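This briefing concerns two topics: how a pair of helices pack together, and how charged side chains pair up. Please keep the sequence and the structure in view while reading.

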Amino acid sequence: MIANSSLKIDLRPILAEGFPILASFLRKNQRALKLSTLTALDVLIRNYSDSLKPAMIECVLMELPDLISENDMHVSQVAIVFLTTLAKVYPSSLSKISGTVLSELFQLVYSPLMQGGALNAIVHFFQALVLIKAVHMSYADLMKQLTNPIYSSTSSRVSTTLHKQAFHSVAKCVAALSSVCPKETPGLVSLFIQDVKNPKSTTAVKMLAFLSLAEIGRTTNLSAQKELKAVILDAFASPSEEVKSAASYALGNISVGNLKEYLPFMLKEIGGQPKRQYLLLHSLKEVISSSPAESLKPYGEDIWALLFKHCEYTEEGTRNVVAECLGKLTLVNPSQLLPRLKKQLFS
């Protein structure tokens, strides 16, 4: 509180003595103390970056490996936020980060518990590493370490041994790295498309490729990739349910990044491809869930009409997805659509 106070009290005289004491608190078996200490260290690093000495940082870095694990995701998150601050304001200290810390981070990415704030913290840390051009932690280095457990496995069973959340987490990290290295994005997207097309690719590789395309496509216009639509539709015929689901997710999120190009195409496919309707409707659900309301409004009537056309479909699973889509679409413009939805209940 003192370090962050508006009173601007100068704490420089006690930093050299204070950092080792704070570092020792990170070893205590008191969760609240660890969290408070990490928060205090973060504030000190930001406010006194010009007065830090290597010895001060090193004594703290020594304690971090034990704090980063799936045993306590919130402590891990706060520790990673501290590392991100350190990377931004005192980048030279990153050479002191042990391989243990990085290995723990990559293990966390593959944890089934990884999501929300902790995942966002890791994403921002990886982006910071790339932006400051840290040694042995470049875009290529991080991308290799992130994806290697999936690409290096020749077993088709890796898709079942790894939790589904792990694939989503890796994909989010891949997209985040791509966003800070936009020149790498076209090549990366082409690589994923080739992975999907390659008959020798494992199910896990295809899942990662589609989920990564989804994360990249949500914020990047991929219309330059002319074969992408066909590649996704072909994947709907895959014998693997995981690949079909990932392809559906990809189509929905890529459409969010370019509604004008992809949404009319999707609506046409839903109307003309009965065998693909279930997967296509899941794609549409992603579009409705993730697109800004104003962007969806021009297509609202077409989507509304299409959904009611298929609401009496024979398969219960398809009807359930239609119902979800209708609910989410109604929330886009509730003042107009909710009365119409109520009216349909009595028709």
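**Salt bridges and helix packing**

Lysine 172 is partly exposed, its relative accessible area being 31%. The model is predicted, and a total of 12 salt bridges is counted in it. Three of these pairs are described below, followed by the contact between helices H2 and H4.

**The pair lysine 172 and glutamate 215**

- Lysine 172 forms a salt bridge with glutamate 215 through their side chains, at 3.5 Å from N to O.
- This pair links distant parts of the chain, since lysine 172 belongs to helix H9 (residues 164-180) and glutamate 215 to helix H11 (residues 203-219), 43 residues apart.
- Glutamate 215 has a relative accessible area of 7% and is therefore buried, whereas lysine 172, at 31%, is partly exposed.
- Lys172, Glu215 and Arg218 are joined into one network by salt bridges that share partners.

**The pair arginine 340 and glutamate 301**

- A salt bridge connects the side chains of arginine 340 and glutamate 301, with an N to O distance of 2.7 Å.
- Here too, distant parts of the chain are linked: arginine 340 lies in helix H19 (residues 334-345) and glutamate 301 in helix H17 (residues 300-309), 39 residues apart.
- Arginine 340 is partly exposed, with a relative accessibility of 31%.
- Glutamate 301 is also partly exposed, with a relative accessible area of 48%.

**The pair arginine 46 and aspartate 42**

- The side chains of arginine 46 and aspartate 42 form a salt bridge at 2.9 Å, N to O.
- Both residues are in helix H2, and because they are 4 residues apart, about one helical turn separates them.
- Arginine 46 is partly exposed at 41% relative accessible area, while aspartate 42 is buried at 10%.

**The packing of helices H2 and H4**

- Helix H2 (residues 31-47) and helix H4 (residues 73-89) have axes that come within 9 Å and cross at roughly 15°.
- That angle falls under 35 degrees, so H2 and H4 are roughly parallel to each other.
- The crossing of these two helices, H2 and H4, is left-handed.
- On the H2 side, the residues in contact are Arg31, Leu35, Leu38, Thr39, Leu41, Asp42, Ile45 and Arg46.
- On the H4 side, they are His74, Val75, Val78, Ala79, Val81, Phe82, Thr85, Leu86 and Val89.
- By class, 11 nonpolar, 3 polar and 3 charged residues make up the contact of H2 with H4.
- Asp42 and Arg46 take part in this contact and also form a salt bridge with each other.

How values were computed. Residues are numbered from 1 along each chain as its sequence is written. This is a predicted model: local features need pLDDT of at least 70, side-chain atom pairs count only at pLDDT 80 or more; totals for chains, interfaces and linings use all residues. Side-chain values use heavy atoms; hydrogens and water are left out. Axes are lines fitted to C-alpha atoms, for helices over the stretch in contact, and angles run from 0 to 180 degrees between N-to-C directions. Angles under 35 degrees count as roughly parallel, over 145 as roughly antiparallel, 65 to 115 as roughly perpendicular and the rest as oblique. A crossing is left-handed if the near helix is turned anticlockwise from the far one by less than a right angle, and right-handed if clockwise. Contact means heavy atoms within 4.5 Å. Ala, Val, Leu, Ile, Met, Phe, Trp, Tyr, Cys and Pro count as nonpolar, Asp, Glu, Lys and Arg as charged, and the others, Gly among them, as polar. A salt bridge is a side-chain nitrogen of Lys or Arg within 4 Å of a carboxyl oxygen of Asp or Glu. Buried means under 20% relative accessible area, exposed over 50%, partly exposed in between (1.4 Å probe, protein chains only).
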